[in-house]
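Q: Could you take me through one part of this structure slowly, as if I were seeing it for the first time? I'd like to know how that part is built and what surrounds it.

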Amino acid sequence: MMKILSITALRKVYGGTVAVDEISFEVDRHEIVGLLGPNGAGKTTTINMILGVLEPDAGTIRIEGLDIALRRSPAIARTNFAAVYAPLPGNLTVSQNLRVFGLLYGVKDLPERIDELLKQFDLEAFRDKRCGVLSSGEQTRVGLAKAMLNHPHLLLLDEPTASLDPATAREIRATIHDYAKEAGSGVLWTSHNMYEVEDICDRVLFLSRGRILLEGNPKTLPAEHGKKTLEELFIAVAREPLTLGVA
Amino acid sequence: MSLRRTFAIVLRQVYLIRGSFSRVFPLFAWVAIDIVLWGFLTHYLNTVASPGFNFVPALLGAVLLWDFFIRIMQGVTMAFFEDVWSRNFLNIFATPLLISEYVGGLVLSSIFSSLIGVAVMLVIAVACFKLSLLIYGAMAIPFLLVLFLFGISLGVFGSALVLRFGPASEWFIWPIPALISPFAGVLYPVSTLPEWMRHISRILPPSYVFEGLRAVISGGTVSGVALAWSGCLAGGYILLAYWYFTRVYRHALRTGLIARYSAESLS
C-alpha cells in the first residue's frame, strides 16, 4: 500500500550550513511518527519542506505518491499543519479564519465542518472572537481546528501542545490519536515533551545536525541504547551523539 | 486554477474591511479630501482665468483619474500587506493555493476596496463641483482601463519588492505614485517637461491617458494608436510584474524566506 509520506535523500543547505543532510523516512497510514531532536536539528526545516514552503536542494518528497516538486497543489491539499510559531491572523475571528482556510483547502460542506471543529476543540464560545485576543492555549486549539479542517491524510504538528495545560494537552493528544487511527491518516509530530512522545508516537526519529541518528519504538528505544527514559536518550543524542555510536 | 481559493483571499479582505473602521476610513477619506481641495481650486481658477476654458474637467477630472489609479495600486499592496502585518505567509503558502490564485485574489480585493473610494470621489466631484464624466465620452472607458492595468502592475510589483526585501521596505512602496506623477503629466501637458523627462513619460501609460484627456476637453482628437500603445504598455507591465513576483516567490522558497518572514529576518 502507498505510504502517506515518503521522503528520499532530502537535503537543505543554508549558506554553508547543512540543515538537513540526506534524510529518508516514511510515514504510514494510522501511524504517528515523532520527529525529535535538539533545537537546530533540522525538524522545522524538514516540516517546512514537506509543507512546500521551503525548496529542498536535493531529494524527493511524495505525499500519497504525489511528488510535491511536480504536483504541489494536489499534494499539499492532502496535508495540513499546526505550529506554535504560526498562529492564525489575530485580526480575524475564529470562524472567519476557519472559513478562509476552509476555502483555501477546498473543504466541502464548510459551515457544518466548522461547527464540528468548534465543538470538538471546545471553541464554540470563541466563534466570533478575534484570534488575537485569545489566550495562547485557545489560539493553539484554533490552529489545531484549522489543521483538521480538510481531514488531512498527512498531519504535520510542530510542538502542537506547547502552550496547552496538561489536561487540555491530554485531550488534544487523544483527539489526534483517535483521528490517526480511525481516519487512517499519518501524523508527523515534533515535541520536546518526551512523556508526550512516548504516550502518542508509534515510532520516533531522532535528528541531530540534520541527520537521522536513531529510529524506533519510543517505548523500547531507550533500553536498546542503555538509557532509562526517552528524555535521557534525547539528552544523550543532543549532547553526545558519538557516545551512542550513531553519529 | 481554483476560484474558491481566489475567493478566499478576497473574503479575507472583506472580513478585515468590514470589521475595522480604521481600514474603511482611508479607503475614501484621503481621496475625498483631494477631490474637495482640487474642486475648490478649479472653481477658483475658473473665476480668475480667461472665460471659455473650464478647469473642472481638465484638472479635477485628472485628479479623479489619478486617485483612481492610486487606489487600484494601493488596493493590491494593502491586501498583500495584511499578510505581512499578520505574519501569515506560512499559513497561506502552506495551503494548496497557487501564486496565480493569490495574485488574482489581491487584484480582486483591490477592485472591491477601490470601488468604495471611487464611488465617494464621483459623488463629491459630480454633486459638489459639477464634474460631468459625459464630457470624456466613450474615451472614459479606455482611460480607466489603462490606469487600472497600470495600477495593478505597480501593486503587484510593489508587493514583490516587499516580499523580497522585507516588511520595512513597504515605505518605498507608498511614494511610488508621487514619484511617477511629475512624469505622467497629470496636471500639465507632457510637452511642458524637459526632454529627459519626456523620455520617461513615453514609457508611462498614464501619460497617454492624461494627454488624451486634455485632447478631449480641448475639442481635439485622441490618438487611437497612442492609447492602444499605452494599453499594451500597461499589459506588458502586468506581465513583467507577475513574472517578478513569481521569481521573488521562487527565491523565497529556496531561501526559506516564506517560512521565516519577519522584519528581523531581512535587512
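A: Sure! Keep in mind that this is a predicted model. Let's start with how chain A is split up: domain 1 covers 5-78 + 154-244, and domain 2 covers 87-151. Their centres, taken over C-alpha atoms, are 25 Å apart. Where the two domains of chain A meet, eleven residues of domain 1 are in contact with ten residues of domain 2. Helix α6 (residues 166-183) of chain A gives the largest share of the domain 1 side, five residues. Sorted by class, that domain 1 side of chain A has seven nonpolar, three polar and one charged residues.

Now for the part to look at closely, the sheet of chain A. Six strands make up this open sheet, and if you walk across it you meet them in the order β6-β7-β8-β3-β9-β10, with mixed pairing. At the edges sit β6 (79-83) and β10 (211-216) of chain A, each paired on one side only. On average, neighbouring strands of this sheet are turned by 20 degrees against each other, direction ignored.

Zoom in on one pair: β7 (residues 154-158) and β8 (residues 186-190) of chain A run in the parallel sense and share five bridges. For instance, A:Leu156 has A:Leu188 in β8(A) as its bridge partner. Helices pack on this sheet too. Helix α5 (residues 136-148) of chain A touches β6 and β7 of chain A, and its direction makes about 170 degrees with that of β6(A). Helix α9 (residues 230-239) of chain A touches β3 (32-36), β9 (203-208) and β10 of chain A, with its direction at about 25 degrees to that of β9(A).

To round off the picture, look at where chain A meets chain B. The contact takes 25 residues from chain A and 24 residues from chain B. On the chain B side, α1, α4 (89-93) and α11 (224-255) each supply at least two residues, and α1(B) brings the largest share, eight residues. By class, the chain B side divides into 14 nonpolar, six polar and four charged residues.

That helix, α1 (residues 3-18) of chain B, has 16 residues and reaches 22 Å from its first C-alpha to its last, close to the 22 Å expected. Its buried residues include B:Ile9, B:Val10 and B:Leu16, along with B:Arg5 and B:Arg12. The buried residues of α1(B) pack against α3 (94-104) of chain A, and also against α2 (21-48), α3 (55-85) and α5 (99-129) of chain B.

Key
Residues numbered from 1 in each chain as written. Chains lettered and ligands numbered in written order. Predicted model: local features only at pLDDT ≥ 70, side-chain atom pairs only at ≥ 80, totals over all residues. Helix = DSSP H or I, 4+ residues; strand = E, 2+ residues; numbered from the N terminus. Expected span 1.5 Å × (residues − 1). Buried ≥ 20, exposed ≤ 12 C-beta atoms within 10 Å, placed from the backbone. Contact = placed C-beta atoms within 7 Å. Domains from an automatic or database assignment. Nonpolar A, V, L, I, M, F, W, Y, C, P; charged D, E, K, R; others polar. Pairing = 2+ DSSP bridges. Axes fitted to C-alpha atoms, helices over the stretch in contact; angles between N-to-C directions.
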